[in-house]
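Got a model on screen and a pile of labels attached to it? Let's go through some of them and ask what earns each one.

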Amino acid sequence: MITRRRIVVSVALAFAAAIMFYSFSQVRPENTPVIYKNSAVVGVSPAEGATSVLRQSSVSVTLASGYQLDQQKTNGMSISVAGSTTGIPEDQIQYIAAENQYTYQPESGSTFSELPLGRVCVVLAIDRTANPNLGDTSFSWCFPTQ
């Protein structure tokens with residue numbers, strides 16, 4: 001027999017199930033891979049959208065196969081703060097060929113002893129090695145330092 005109590009319990013259970021379904025549908029995985037608009041770039045560090053980066057942190061970029069930093073015509077990697085851009089000399093950038101990764105570590109005696117305070121942007125000049133007729137490309141990303 002259908003009683004008022006059974007109706008109330010059924011409605012409450014249906015409401016709880018709907019709330020549970022809704023809450024599970026709102027969960028998004030946080031480790032989805034970043035897709036860059038420039039196909040030459042595979043990854044950067046510090047990550048784009050980082051909330052705060054230590055000033056002693058290194059800056060690195062991993063490029064896709066067939067690309068390299070353009071050190072011949074320009075500084076391949078530059079650090080820009082408040083409109084002032086400083087190029088990083090090639091001999092201060094570590095290169096790991098197996099990963100096509102370029103890293104700059106601020107330290108005493110290099111261009112920067114530590115990254116500047118505030119909003120720091122890294123500007124890259126990228127050269128195509130696979131098909132140089134297509135021309136060069138550039139990429140930049142920014143992060144705050146503390």
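Q: Which residues does aspartate 70 touch, once those up to four places away in sequence are not counted?
A: They are Asn75, Gly76, Ala125, Ile126, Asp127 and Asp136. Keep in mind that this is a predicted model. Aspartate 70 itself sits in the loop between E3 and E4.

Q: Is aspartate 70 buried or exposed, and how do you know?
A: Its relative accessible area is 4%. Buried means under 20%, so aspartate 70 is buried.

Q: What about glutamine 71: buried or exposed, and why?
A: Glutamine 71 is in the loop between strand E3 (67–69) and strand E4 (77–81). Its relative accessibility is 15%, and the cut-off is under 20%, so glutamine 71 counts as buried.

Q: What makes the link from glutamine 71 to glycine 76 a polar contact?
A: The side chain of glutamine 71 reaches the backbone nitrogen of glycine 76 at 3.2 Å. The limit for such a pair is within 3.5 Å, so this one qualifies. Gly76 also turns up among the contacts of glutamine 71 beyond four places in sequence, along with Met77, Ile88, Glu90 and Ile93.

Q: How do you know that cysteine 121 and cysteine 142 form a disulfide?
A: Their sulfur atoms are 2.0 Å apart. A disulfide needs them within 2.5 Å, so the pair passes. A search of the whole structure finds one disulfide.

Q: Which parts does the pair of cysteine 121 and cysteine 142 tie together?
A: Cysteine 121 lies in strand E8 (residues 118–128) and cysteine 142 in strand E9 (residues 137–145), so the parts joined are 21 residues apart in sequence. The link is right-handed, with 100 degrees about the S-S bond.

Q: Why do cysteine 121 and cysteine 142 get separate burial labels?
A: Cysteine 121 has a relative accessible area of 16%, which is under 20%, so it is buried. Cysteine 142 comes in at 22%; exposed would need over 50%, so it counts as partly exposed.

Q: Why does phenylalanine 139 count as buried?
A: Phenylalanine 139, also found in strand E9, has 11% relative accessibility, and under 20% is what it takes. Its contacts beyond four places in sequence include Tyr36, Val44, Val122 and Ile126.

Q: What makes valine 11 exposed?
A: It has 54% relative accessibility, and exposed means over 50%, so the label fits. Valine 11 lies in helix H1 (residues 4–25). Together with Ile2 and Ile7, Val11 makes a nonpolar surface patch of about 330 Å².

Q: What is noteworthy about phi in alanine 82 and asparagine 100?
A: Most residues other than glycine have a negative phi. Alanine 82, though not a glycine, has a positive phi of about 50 degrees, and asparagine 100 has one near 55 degrees.

Q: How do you know whether alanine 82 and asparagine 100 are buried or exposed?
A: Alanine 82, in the loop between E4 and strand E5 (84–88), has a relative accessible area of 81%; that is over 50%, so it is exposed. Asparagine 100, in the loop between strand E6 (93–96) and strand E7 (101–104), has 9%; that is under 20%, so it is buried.

Q: What kind of peptide bond joins serine 45 and proline 46?
A: A cis one, with omega about -5 degrees. Most peptide bonds are trans. Proline 46 is in the loop between strand E1 (41–45) and strand E2 (59–63).

Note on methods
Residues are numbered from 1 along each chain as its sequence is written. This is a predicted model: local features need pLDDT of at least 70, side-chain atom pairs count only at pLDDT 80 or more; totals for chains, interfaces and linings use all residues. Side-chain values use heavy atoms; hydrogens and water are left out. Patches are made of residues with over 30% relative accessible area and no salt bridge: like charges are joined within 9 Å, nonpolar side chains (Val, Leu, Ile, Met, Phe, Trp, Tyr) within 5 Å. Accessible areas come from the Shrake-Rupley method with a 1.4 Å probe; for residues, only the protein chains shown count as cover. A salt bridge is a side-chain nitrogen of Lys or Arg within 4 Å of a carboxyl oxygen of Asp or Glu. Helices (H or I, at least four residues) and strands (E, at least two) are DSSP runs, numbered from the N terminus. Buried means under 20% relative accessible area, exposed over 50%, partly exposed in between (1.4 Å probe, protein chains only). A polar contact is a pair of N or O atoms within 3.5 Å; within protein, one must be able to donate a hydrogen and the other to accept it, and residues adjacent in sequence count only if both atoms are side-chain atoms. Contact means heavy atoms within 4.5 Å.
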